Amino acid sequence: MNERYQIRAPENWSSSDQAIAQFEAGNSNAGQVSYKIIQKVNEIRIDKKNGRIFLVEAINREKVSSLSFQIEATSESLSARTNVTLELIDLNDNIPLIND
């Protein structure tokens, strides 16, 4: 896996069945690989068998602009980690305020 990944997803969106990204270990000879997020991030989960990342909780871009976390891929003989930054795409979801 690369040292750093940057992924993007729209704010206020979550889906238990549509992944926002997928990570794959680079060594095809490693055998069965399992994936996990190293530190707990409540809004994100990873499928430990295929490395797919899901937003499980809607995140408001006005409150949180990005999340950073680390993913580890492990097989019987190898282990690798990568840093990931999830940037939230700001949607025009707030009514503009005009002051006189």
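Strands in this report are DSSP runs of at least two residues, numbered from the N terminus. With that in hand, asparagine 12 is easy to place: it lies in the loop between β1 and β2. The model you are looking at is a predicted one.

## The chain as a whole

Let us start with the broad view. The chain holds 0 helices and 7 strands, and reading along the sequence gives the pattern β-β-β-β-β-β-β. Of its 100 residues, 31% are buried. Among contacts with a separation of 6 or more, 63% are between residues 24 or more positions apart.

## The four-stranded sheet

In which order do the strands of the open sheet lie? The order is β1-β7-β6-β3, and the pairing of these 4 strands is mixed. β1 (4-10) and β3 (34-37) each have a single partner strand and stand at the edges, so one side of each has no neighbour in the sheet. From one strand to the next, the twist averages 30°.

Here is how the strands are joined, pair by pair.

| Strand pair | Direction | Bridges |
|---|---|---|
| β1 and β7 | parallel | 7 bridges |
| β6 and β7 | antiparallel | 9 bridges |
| β3 and β6 | antiparallel | 4 bridges |

Some individual partners help to trace these pairings on the structure. Between β1 and β7, alanine 9 stands opposite leucine 88 in β7. Strand β6 covers residues 66-74, and strand β7 covers residues 79-89. A hairpin joins β6 to β7 through 4 residues. Along this pair, serine 66 has glutamate 87 in β7 as its bridge partner, and leucine 67 is partnered by leucine 86 in β7. On the β3 side, tyrosine 35 has alanine 73 in β6 as its bridge partner, while isoleucine 37 is partnered by isoleucine 71 in β6.

## The nonpolar core

Nonpolar side chains tend to be buried together in soluble globular proteins. In this model, the largest nonpolar core has 21 residues, and the members that touch the most others are Ile44, Ile53, Phe69, Ile71 and Leu86. Two or more residues come from each of β1, β3, β4 (44-46), β5 (52-55), β6 and β7. Strand β6 gives the most, with 4 residues.

Which residues does phenylalanine 69 contact, leaving aside its neighbours within four places in sequence? They are Ile37, Gln39, Val41, Ile44, Ile53, Thr82, Asn83, Val84 and Leu86. Ile44, Ile53 and Leu86 were also named above among the core members that touch the most others.

## Aromatic rings

The structure holds 1 aromatic pair. Why does the pair of tyrosine 5 and phenylalanine 23 count as edge-to-face? Their ring centres are 4.7 Å apart and their planes stand at 85°, and planes over 60 degrees apart count as edge-to-face. The pair links distant parts of the chain, with tyrosine 5 in strand β1 and phenylalanine 23 in the loop between β2 (21-22) and β3, 18 residues apart.

Is phenylalanine 23 buried or exposed? At 2% relative accessibility, phenylalanine 23 counts as buried, because buried means under 20%. Tyrosine 5, at 24%, counts as partly exposed.

Another ring has a charged neighbour: arginine 45 lies over the face of phenylalanine 54, at 4.1 Å from the ring centre.

## The loop between β1 and β2

We can now return to the loop where we began. Most residues other than glycine have a negative phi. Asparagine 12, however, has a positive phi, near 55°. With a relative accessible area of 38%, asparagine 12 is partly exposed.

Serine 14 lies in the loop between β1 and β2 as well, and is partly exposed, with a relative accessible area of 35%. Where does the chain come back to serine 14? The C-alpha atoms of serine 14 and alanine 58 are separated by 5.1 Å, although these residues are 44 residues apart along the chain. Leaving aside neighbours within four places in sequence, serine 14 is in contact with Leu55, Val56, Glu57 and Ala58.

How values were computed. Residues numbered from 1 in each chain as written. Predicted model: local features only at pLDDT ≥ 70, side-chain atom pairs only at ≥ 80, totals over all residues. Heavy atoms only, no water. Pairing = 2+ DSSP bridges. Axes fitted to C-alpha atoms, helices over the stretch in contact; angles between N-to-C directions. Phe/Tyr/Trp six-rings, centres within 6.5 Å; stacked < 30°, edge-to-face > 60°. Buried < 20%, exposed > 50% of the residue type's maximum accessible area, 1.4 Å probe, protein only. Lys NZ or Arg CZ within 6 Å of the ring centre and 35° of its normal. Core = buried A, V, L, I, M, F, W, Y, C linked by side-chain atoms within 4.5 Å. Contact = heavy atoms within 4.5 Å.
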